[in-house]
Amino acid sequence: MSSPCPPAEQLLAEATEGHGPALEHSRECASCAAVLEEHRQLEFDLLRLADPPPPPDFVNRVMAKVAEAPVPARAEARTGTAVLAASLGLCAVSFVVGGAGFGELGTSAARLAVDFNTLWVGVGSGVVAVWHTAALPATLAAVLAMGFSLVGLRR
């Protein structure tokens, strides 16, 4: 009486290792031997189907075609204008949907300009105060930060 056939995964794993009880069983069992042979033939067929390497001048031909047809500057300008218009339109729609009407759009823009001006003056005053009190340490810190950043980007 022959032993029951092992699972296919175990049979294939032991075939890869080259030893094991499932592999010993396959030497006596025609069904398991057929599974191993089918797997071996499938691996052989898959290796034959490997993609061929590209021709040696492939990159040069592609780069030549790219150089022949640059994107016109007008197309880039139109795309940029369309993106800007869509962004501004979405901002206006979100402003109106947020509960404010178009009448408050100008008021909000003016308030934003005043707040930006206040921020700009405050940052400028802060930079002047730091420069007058700690110019050398601030400069050294900025140079070190930029140097470390450049070294990090270079790697």
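**Exercise 1.** In which helix do Phe116 and Trp120 both lie, and how many residues apart are they?

*Solution.* The model is a predicted one, and the steps below are read from its atoms. To begin with position, Phe116 and Trp120 both belong to helix α6, where they stand four residues apart, about one turn of the helix. An α-helix has 3.6 residues a turn, so residues three or four places apart point the same way. The next step turns to the rings: a search of the whole structure finds one aromatic pair. In this pair the ring centres of Phe116 and Trp120 are 6.4 Å apart and the planes meet at 25°, and because planes under 30 degrees apart count as stacked, the pair is stacked. As a last step, consider the surroundings, where both Phe116 and Trp120 turn out to be exposed.

**Exercise 2.** Determine which residues of α2 are buried and which are exposed, and describe how the buried ones are arranged around the helix.

*Solution.* First, list the buried residues of α2, which are Ala22, Leu23, His25 and Ser26. Second, look down the axis of α2: the buried residues fall within an arc of 155°, so they line one face of the helix. Third, turn to the other side of α2, where Pro21, Arg27 and Glu28 are exposed. Finally, ask what covers the buried residues of α2; the cover includes α1 (8-17) and α3.

**Exercise 3.** Work out how α2 is oriented towards α3 and towards α1, and name the residues that make each contact.

*Solution.* Start with α2 and α3, which pack at an angle of about 110° with their axes 6 Å apart. Angles of 65 to 115 degrees count as roughly perpendicular, and therefore α2 is roughly perpendicular to α3. From α2, this contact is made by Leu23, His25, Ser26 and Glu28, while α3 brings Ala30, Cys32, Ala33 and Leu36. Continue with α1 and α2, whose axes are 8 Å apart and whose packing angle is about 100°. These two helices, α1 and α2, are therefore roughly perpendicular to each other as well. Here Gln10, Leu11, Glu14 and Ala15 in α1 meet Pro21, Ala22, Leu23 and Ser26 in α2.

**Exercise 4.** Is His25 buried or exposed, and which residues is His25 in contact with, once its neighbours within four places in sequence are left aside?

*Solution.* Begin by placing His25, which sits in helix α2 (residues 21-28). The relative accessible area of His25 is 10%, and because buried means under 20%, His25 is buried. With its neighbours within four places in sequence left aside, His25 is in contact with Ser3, Pro4, Cys5, Pro6 and Cys32. One of these partners, Ser3, lies in the segment before α1, and Ser3 is partly exposed, with a relative accessible area of 44%.

**Exercise 5.** Which residues make up the largest nonpolar core, and which helices each supply at least two residues of this core?

*Solution.* The largest nonpolar core has six residues in all, namely Leu11, Ala22, Leu23, Cys29, Cys32 and Leu36. Both α2 and α3 (30-48) supply at least two residues each to this core. As a further step, take Leu23 by itself: apart from its neighbours within four places in sequence, Leu23 is in contact with Leu11, Glu14, Ala15, Gly18 and Leu36.

Terms used: Residues numbered from 1 in each chain as written. Predicted model: local features only at pLDDT ≥ 70, side-chain atom pairs only at ≥ 80, totals over all residues. Heavy atoms only, no water. Buried < 20%, exposed > 50% of the residue type's maximum accessible area, 1.4 Å probe, protein only. Contact = heavy atoms within 4.5 Å. Phe/Tyr/Trp six-rings, centres within 6.5 Å; stacked < 30°, edge-to-face > 60°. Core = buried A, V, L, I, M, F, W, Y, C linked by side-chain atoms within 4.5 Å. Arc of directions from axis to C-beta. Axes fitted to C-alpha atoms, helices over the stretch in contact; angles between N-to-C directions. Parallel < 35°, antiparallel > 145°, perpendicular 65-115°, else oblique.
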